[in-house]
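Here's a quick briefing on a sheet and the helices around it. Have the model open as you go through the points.

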Amino acid sequence: MRKIKSNFKCRLCNSCDLIKINLSLPRAISPFLSRDKSWKNFYCPRCNSLSHFQKKKRNLVKYSDSSYRKSSNFEANRPASPISLPWSTITSLRSSHISKLIENCSLTEKFNCKKINLLDYGGYNGFTSYGLKSYFNIDDITIADLDPNGLKIASSLGMKVVNLHKSVLSKNIKNKVNLCISVHVFEHLKKPADALGEIHKCLKDDSILYIEVPNLFGSYLTDPAHLLSFSKEGLKHLISNNGFKIIKLGFIRTPKEAIKYGYPYSNWRECIYCIAKKENSLNSIRKKLRKGNIIKPKEIMYSKKKFLAKLAMSNFLFTLTYPYNLLNLILNLLKRFVIEIIRSIFSISSSLFFFFINLFKND
Ligand SMILES: [Zn+2]
């Protein structure tokens, strides 16, 4: 395997032994893998993830002026709205699978017997956390984000807010949180370990962390807002090396309703989730790292050839997502159409019955 000792470091594990991957492919040929030439992309065989580096700083997505939400292609040509529509519906619906996954880890009993202080890291308008109130006994919610518009909405819903552009999270809520969620946020970060360190400071002992990110082998790599593409091993590496014990790690999809709203990529391997418990003190972990006693994931990492083969195969399967979801949508609409035709026929006969029975009825 040819590895390059580059000036770039893996965003997840800090390794310099990276393999350069060319993603500057024509969009028409490879719509889900291509990035323009201003991106440098490196595969890290140590944690099996991709780090993306933008050469031109001005091309990086800004969050602090709310332009990220405004520029979303998904919402192009829509009238102005105070919330990000229809994506906010999906944001809210995510609370359903998050609560089920936490319940499946037998943590609900623990949560129901006391009031929960919830932190939603990168929670935008707070809709996911608001949805979680239906499932857990939540006393207090803090939304931490960079988007001022999202934070205004969260604040109007009665949530506490922290603008990460202006203040340090752990100075606001140090050692106060017993459940933290971070949904589709860590792939946007330059230094995810630093963010996890901040979250660690905010959590009480034995608190629960839920993180969800897109899967490198089940999603598209083209989003310019994404600086990292995670594999399961990568997420495992990040969480277990930063003071958390992993309880469960698996795949999850965007709620299927997204297909009806014009997002056709929902599939069973689309995202990776991890539920973890705060365990070690961060200082002891850092000591281990300084001594070189790094906790390495058990999995065997891929060679360049094996990684490229896996990425090519998963990309091929991903391209089938769109037609598969469309076919399902068409079949469901057809089923609904047939049911409504049958219902209409019955409606005609019942209307006639209604008409005659009232016409000939003697008072
Ligand atoms: Zn790495």
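Before we get to bridge partners, one convention helps: two strands count as paired if DSSP finds at least two bridges between them. Keep in mind that this is a predicted model. The main feature to look at is an open sheet of 7 strands with mixed pairing.

**The sheet**
- Going across, the strands come in the order β7-β6-β5-β8-β9-β12-β11.
- β7 (160-163) and β11 (244-252) sit at the edges with a single partner strand each, so one side of each has no neighbour in the sheet.
- On average, neighbouring strands are turned by 15° against each other, ignoring direction.

**The β7 edge**
- β6 (residues 138-145) and β7 run parallel and are joined by 4 bridges.
- One residue pair to look up here is D145 and its bridge partner in β7, N163.
- Helix α5 (residues 148-156) lies across β6 and β7, and runs at about 165° to β7.

**Helix α7 on the sheet**
- α7 (residues 192-202) packs on the sheet, where it touches β5 (116-121), β8 (177-183), β9 (203-214) and β12 (271-278).
- The direction of α7 makes about 145° with that of β9.

**Helix α8, tucked inside**
- In α8 (residues 232-240), 9 of the 9 residues are buried, so this helix is largely enclosed by the rest of the structure.
- Charged-letter spotters can check K232, E233 and K236, which are among the buried residues, as are L235, L238 and I239.
- What do the buried residues of α8 pack against? They pack against β4 (49-54), α7, β9, β11 and β12.

Note on methods:
Residues are numbered from 1 along each chain as its sequence is written. This is a predicted model: local features need pLDDT of at least 70, side-chain atom pairs count only at pLDDT 80 or more; totals for chains, interfaces and linings use all residues. Helices (H or I, at least four residues) and strands (E, at least two) are DSSP runs, numbered from the N terminus. Axes are lines fitted to C-alpha atoms, for helices over the stretch in contact, and angles run from 0 to 180 degrees between N-to-C directions. Two residues are in contact if their C-beta atoms, placed from the backbone, lie within 7 Å. A residue is buried if 20 or more other C-beta atoms lie within 10 Å of its own, exposed if 12 or fewer, and partly exposed in between; C-beta atoms are placed from the backbone.
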